[in-house]
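The paragraphs below go through a predicted model. They take up strand pairing, then the nonpolar cores, the salt bridges and some backbone angles.

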Amino acid sequence: MPKANRRQRTGRRGEELAVAKLAALGCQIVTRNYRCPYGEVDIICQDGSALAFVEVRARTGDDYGSPEESVTPAKQARLANVAAHYLQENEMEASDWRIDLVAIELDSDGSVRRVEWIKNAVTE
């Protein structure tokens with residue numbers, strides 16, 4: 001199977017696992033795969049009084065580091081810009097919000113090793 005297809009399948013599976021985890025912990029999913037001129041964020045959800053912009057990183061193996069390590073400073077800046085755009089577009093600038101990460105590790109056979117929700121993973 002081509003590497004891109006495998007990566008896309010892992011990404012989709014990661015997003016499904018992340019949505020299930022967030023919903024099980026009481027979050028209300030607002031939207032998925034929000035895109036704007038600044039980029040894209042995987043999930044936007046309401047967690048109590050806070051709006052969470054959630055980046056999902058799924059990895060099979062650790063050849064390229066942990067899911068957490070894959071969120072580069074450039075990606076962090078794009079996520080902050082995407083969040084600001086969403087808040088402005090929806091007239092929610094005064095809202096309580098944050099950027100989270102759901103880190104997912106899968107075994108080579110696809111079984112789940114870890115699904116971890118990290119709140120405030122990216123600070124402005």
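How many residues lie between β2 and β3 in their hairpin, and which residue in the turn has a positive phi? Two residues separate the strands, and the turn residue in question is Gly48, with phi at about 65 degrees. The pairing of β2 with β3 is antiparallel and runs over five bridges. One residue of this pairing is Asp47, whose bridge partner in β3 is Ala50.

On β3 there is also a pairing with β4, in the parallel sense and over ten bridges. Here Leu51 has Trp97 of β4 as its bridge partner. Strand β3 is mostly covered, with nine of its eleven residues buried.

Leu51 and Trp97 appear again in the largest nonpolar core, which has 17 residues. Together with Tyr34, Val41, Ile44 and Phe53, they touch the most other members of that core. At least two residues each come from β1, β2 (39–47), β3 (50–60), α2 (73–89) and β4 (97–106). The largest share, five residues, is supplied by α2. Nonpolar side chains tend to be buried together in soluble globular proteins.

What does Tyr34 touch, leaving aside residues up to four places away in sequence? Its contacts are Gly39, Glu40, Val41, Ile44, Val82, His85, Tyr86 and Glu89. Apart from this core lies another one, of 15 residues, including Ala18, Val19, Ile43 and Ala52.

The next topic is charge pairing. Side chains of opposite charge can pair when their charged atoms come close. The count of salt bridges in the model comes to eleven. One of them joins the side chains of Arg32 and Glu16, at 2.9 Å from N to O. Arg32 belongs to strand β1 and Glu16 to helix α1 (residues 3–24), so this pair ties together parts that are 16 residues apart in sequence. Arg32 counts as partly exposed because its relative accessibility is 30%. Glu16, with a relative accessible area of 46%, is partly exposed too.

A salt bridge also links the side chains of Arg113 and Asp107, with an N to O distance of 2.8 Å. Both ends are partly exposed: Arg113 is at 46% relative accessibility, and Asp107 has a relative accessible area of 28%. Between Arg114 and Glu116 the N to O distance is 2.5 Å. Glu116 is partly exposed, at a relative accessible area of 34%. Salt bridges further link Asp47, Arg98, Asp100 and Lys119 in a network. Asp47 thus has a place in this network as well as a bridge partner, Ala50, in β3.

The last topic is the backbone. Most residues other than glycine have a negative phi. Which value of phi does Asn33 have, positive or negative? The value is positive, near 50 degrees. Asn33 is found in strand β1 (residues 28–36). Because its relative accessibility is 28%, Asn33 counts as partly exposed. Asn120 likewise has a positive phi, of about 55 degrees, without being a glycine. Its place is in strand β5 (residues 112–122). At 47% relative accessibility, Asn120 is counted as partly exposed, since only values over 50% would make a residue exposed.

Key: Residues are numbered from 1 along each chain as its sequence is written. This is a predicted model: local features need pLDDT of at least 70, side-chain atom pairs count only at pLDDT 80 or more; totals for chains, interfaces and linings use all residues. Side-chain values use heavy atoms; hydrogens and water are left out. Helices (H or I, at least four residues) and strands (E, at least two) are DSSP runs, numbered from the N terminus. Buried means under 20% relative accessible area, exposed over 50%, partly exposed in between (1.4 Å probe, protein chains only). A nonpolar core is a set of buried Ala, Val, Leu, Ile, Met, Phe, Trp, Tyr and Cys residues joined through side-chain atoms within 4.5 Å. Contact means heavy atoms within 4.5 Å. A salt bridge is a side-chain nitrogen of Lys or Arg within 4 Å of a carboxyl oxygen of Asp or Glu. Two strands pair if DSSP finds at least two bridges between them.
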